[in-house]
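These are my notebook entries on what I looked up, one topic at a time. I wrote them for a reader who has the sequence and the structure at hand.

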Amino acid sequence: MRVIGALLLGGDIGGGQQIGLASLVDLRTGQVVWFNLLQADIGDLRDAAGARETVAHLLKDIPL
């Protein structure tokens with residue numbers, strides 16, 4: 001859809017964007033132990049498979 005808008009309107013009309021934040025906090029000290037930011041121009045949170053994929057990317061490299 002963005003490509004069609006760009007062709008018809010002569011520029012990028014924008015589109016969906018995902019922004020997610022995740023942090024792991026030590027509850028004894030309040031110190032942030034781990035933090036991750038996810039920014040994506042693609043992805044679909046409207047179904048379970050898309051939501052699972054997004055969460056997997058957001059929590060990638062979390063220290064366990």
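Is Asp26 buried, exposed or partly exposed? I kept in mind that this is a predicted model, and I found a relative accessibility of 23% for Asp26, which counts as partly exposed, because buried would mean under 20%.

Entry on salt bridges. I found that the structure holds two salt bridges. In one of them the side chain of Asp26 meets that of Arg28, with 3.8 Å from N to O. I then looked up Arg28, and its relative accessibility of 79% makes it exposed, since the cut-off for exposed is over 50%. Arg46 and Asp44 form a salt bridge as well, and here the closest N and O atoms are 2.9 Å apart. I noted Arg46 as exposed, with a relative accessible area of 76%, whereas Asp44, with 28%, is partly exposed.

Entry on helix 2. Which residues of helix 2 are buried? I looked along residues 48-58, which make up this helix, and I listed Gly50, Thr54 and Leu58 as buried. Seen down the axis of helix 2, these buried residues fall within an arc of 75 degrees, so I could note that they line one face of the helix. On the other side of helix 2 I found Arg52, Glu53 and Ala56, which are exposed. I also asked what covers the buried residues of helix 2, and the cover includes strand 1 and strand 2.

Entry on Asn36. I placed Asn36 in strand 2, and I looked up what surrounds it, leaving aside its neighbours within four places in sequence. Its contacts are then Gly20, Leu21, Ala22, His57, Leu58 and Lys60. For Leu58, which is one of the buried residues of helix 2, I could add a distance: its backbone oxygen lies 2.6 Å from a polar atom of the side chain of Asn36.

Entry on the nonpolar surface. Which residues make the nonpolar surface patch? I found Ile19, Leu21, Val25, Leu27, Val32, Phe35 and Leu37, and together they make a patch of about 760 Å². The elements that give two or more residues to this patch are strand 1, residues 18-25, and strand 2, residues 32-40. I looked at one member more carefully, namely Val32, which has its place in strand 2. With a relative accessible area of 49%, Val32 is partly exposed, because exposed would need a value over 50%.

Terms used: Residues are numbered from 1 along each chain as its sequence is written. This is a predicted model: local features need pLDDT of at least 70, side-chain atom pairs count only at pLDDT 80 or more; totals for chains, interfaces and linings use all residues. Side-chain values use heavy atoms; hydrogens and water are left out. Patches are made of residues with over 30% relative accessible area and no salt bridge: like charges are joined within 9 Å, nonpolar side chains (Val, Leu, Ile, Met, Phe, Trp, Tyr) within 5 Å. Accessible areas come from the Shrake-Rupley method with a 1.4 Å probe; for residues, only the protein chains shown count as cover. A salt bridge is a side-chain nitrogen of Lys or Arg within 4 Å of a carboxyl oxygen of Asp or Glu. Buried means under 20% relative accessible area, exposed over 50%, partly exposed in between (1.4 Å probe, protein chains only). A polar contact is a pair of N or O atoms within 3.5 Å; within protein, one must be able to donate a hydrogen and the other to accept it, and residues adjacent in sequence count only if both atoms are side-chain atoms. Contact means heavy atoms within 4.5 Å. The arc is that of the directions from the helix axis to the C-beta atoms.
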